[in-house]
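Please look through the sequence and the structure shown here. The paragraphs that follow go through them step by step.

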Amino acid sequence: MVTPSRAPSPSRTTPGPVRGRPLRARSVWSGVLIGVGIAAFVDETVFHQLLHWHHFYDRSTPGVGLVSDGLFHAFGWFAVVIGLFMVADLRHRAGLVGRALAGGVLTGTGAFQLYDGTVQHKLMGLHQIRYHVDLTPYDLTWNILAVVFLGVGVVLLRSARSSKSLSAPGR
Amino acid sequence: MVHQHGAGQPGALALIVAGVALCAEVAYGWAAARLRRRGDRWPPLRDLWCAAGSAVVVAGALFPFPGGPFTAHMAQHLATGMVAPLLLVLGRPLTLALRSLPPGGRRRLLAVLRSRPLSGLTNPLVAAALDAGGLWLLYRTPLFALAHERPWLGCLVHAHVLVAGVLFSAVVCSLDPLPRHGMAVRSAGLVGAGAAHSVLSRTLYAAAPPGTGFAAGDLSAAAELMYYGGDLVEIALAVVVGLQWYAASGRRLARENRRGATDRRPPASAPYRQ
């Protein structure tokens with residue numbers, strides 16, 4: 001429980017430089033962006049297009065589903081790219097909190113996956129994971145995995161918050 | 001019976017488009033060489049980007065792409081409307097023009113750049129709507145069938161795709177001294193146009209443009225090409241936006257450090273983006 005006082009480490013010559021302050025909130029957000037992007041990529045590219053489980057375009061899908069999918073798709077790529085640049089910037093500032101980043105990635109992935117699996121698949125009925133098979137194992141796998149990701153992510157985020165609570169203005 | 005006119009052998013208008021692109025490239029090279037003789041720094045990479053962009057425009061205008069007629073058209077659309085604009089914009093032609101023109105010409109160009117209509121067009125959301133909206137108009141109204149029958153209309157559509165693409169890329173990348181817009185609006189324009197593009201390509205997978213009868217395989221190949229090609233260019237544009245953000249943040253950090261530190265280092269030399 002000796003909290004390592006990391007703040008003034010990089011150059012102790014002068015009081016000033018801002019390098020090295022843990023930028024926790026920003027680490028979390030870059031992780032969330034990357035996580036949402038990964039989930040969107042897995043769903044869109046792997047399931048829709050590589051495995052052809054549900055198709056490029058399900059004719060039965062209402063227009064809303066098409067538009068929301070397209071928006072998520074476009075946002076997914078953008079989120080991954082910007083999230084990675086944010087990580088690069090955090091490293092440049094020596095302020096990356098690894099645990100917060102990992103927690104953000106898992107939370108983002110899990111949250112999007114759970115939203116997709118419950119709201120888009122079930123509530124709105126836009127598309128299903130597969131067709132002409134018993135859906136239960138697929139739905140359970142998809143949603144339980146989502147909850148696991150989300151749970152581990154939240155635990156990581158909480159531990160990231162408690163471990164370095166010395167520099168309070170993280171947010 | 002693939003007797004394709006308009007897309008196949010180059011007509012007079014296609015030759016004009018290719019000629020204009022070549023002339024622009026020559027002018028660019030000449031201006032860059034002059035700048036260097038004067039002693040200014042102009043990274044060779046920019047020449048390379050611009051040359052590649054012009055080459056893609058020429059190829060799109062003159063040479064038929066392989067594949068079925070609609071797939072070939074879509075490849076041409078991707079090359080002229082998305083790839084070439086991004087390459088051209090990376091060459092920063094306006095920056096070069098402003099630096100190499102004589103004072104009178106520079107003043108006139110600046111007046112145009114700051115004029116009211118252009119400041120409206122260079123709003124990222126307007127540019128995105130013009131770019132993506134034009135595509136929806138092309139593929140979801142009888143316009144595509146009409147343009148196929150009348151070569152001049154086809155060429156006009158082609159030119160619009162190129163110009164709208166250049167406008168959109170220039171606004172999103174914001175490398176040239178156009179009216180400035182924040183990172184958030186430019187990102188919104190990029191994501192919005194990307195979404196419109198991917199939705200349109202999916203609907204094309206299911207239904208051809210009205211008034212046309214392409215083979216099913218041709219149609220789906222074209223739709224997939226549009227979808228994945230659009231993704232690649234969108235990622236490239238996002239990388240440009242991200243790099244800028246990263247560079248700006250690095251400059252901010254350097255400023256903060258300079259202010260905090262007391263050592264007498266000379267200020268860092270001008271960042272690459274002046």
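In this predicted model, helix 1 of chain B runs over residues 12-38. Its 27 residues, at 1.5 Å a residue, should span 39 Å, and the C-alpha atoms at its ends are 39 Å apart, so the expected and modelled lengths agree. Which residues of this helix are buried? They are Ala14(B), Val17(B), Ala18(B), Ala21(B), Glu25(B), Tyr28(B), Ala31(B), Ala32(B) and Leu35(B). Residues three or four places apart on an α-helix point the same way, because there are 3.6 residues a turn. The buried residues of helix 1 of chain B pack against helix 2 (44-62), helix 4 (93-100) and helix 9 (151-173) of that chain. Just after helix 1 of chain B comes Gly39(B), with a positive phi of about 105°.

The residues on either side of that glycine are paired: Arg38(B) and Asp40(B) form a salt bridge, with their closest N and O atoms 2.7 Å apart. Arg38(B) is partly exposed at 47% relative accessibility, and Asp40(B) is partly exposed at 25%. Another salt bridge in chain B joins Glu149(B) to Arg150(B) at 3.8 Å. Here Glu149(B) is exposed, with a relative accessible area of 55%, whereas Arg150(B) is partly exposed at 35%.

Salt bridges with shared partners also link Arg26(A), Asp89(A), Arg93(A) and Glu256(B) into one network. Within chain A, Asp89(A) and Arg93(A) have their closest N and O atoms 3.3 Å apart. Asp89(A) is buried, with a relative accessible area of 0%, and Arg93(A) is buried at 10%. The side chain of Arg93(A) also meets that of Glu256(B) in a salt bridge, at 3.9 Å from N to O.

How many salt bridges cross the interface of chain A and chain B? The rule finds 1 there, and 6 over all chains. The interface also has 5 residue pairs in polar contact. On the side of chain A that touches chain B, helix 1 (24-50) and helix 2 (63-92) of chain A each supply at least two residues. Helix 2 of chain A gives the most, with 17 residues. Altogether, 30 residues of chain A are in contact with 35 residues of chain B. The area buried between the two chains is about 2,900 Å², and carbon and sulfur atoms give 69% of that.

As for confidence, the predictor gives the complex an ipTM of 0.77 and a pTM of 0.81. Chain B has a mean pLDDT of 88, and 91% of its residues reach 70 or more. Over residues 1-8 of chain B, however, pLDDT stays under 50. Where pLDDT is low, the predicted coordinates should not be read in detail.

Notes. Residues numbered from 1 in each chain as written. Chains lettered and ligands numbered in written order. Predicted model: local features only at pLDDT ≥ 70, side-chain atom pairs only at ≥ 80, totals over all residues. Heavy atoms only, no water. pLDDT = per-residue confidence, 0-100. Contact = heavy atoms within 4.5 Å. Helix = DSSP H or I, 4+ residues; strand = E, 2+ residues; numbered from the N terminus. Expected span 1.5 Å × (residues − 1). Buried < 20%, exposed > 50% of the residue type's maximum accessible area, 1.4 Å probe, protein only. Buried area = accessible area lost by both parts, 1.4 Å probe. Salt bridge = Lys/Arg side-chain N within 4 Å of Asp/Glu carboxyl O. Polar contact = N/O pair within 3.5 Å; in protein donor to acceptor, adjacent residues only side chain to side chain.
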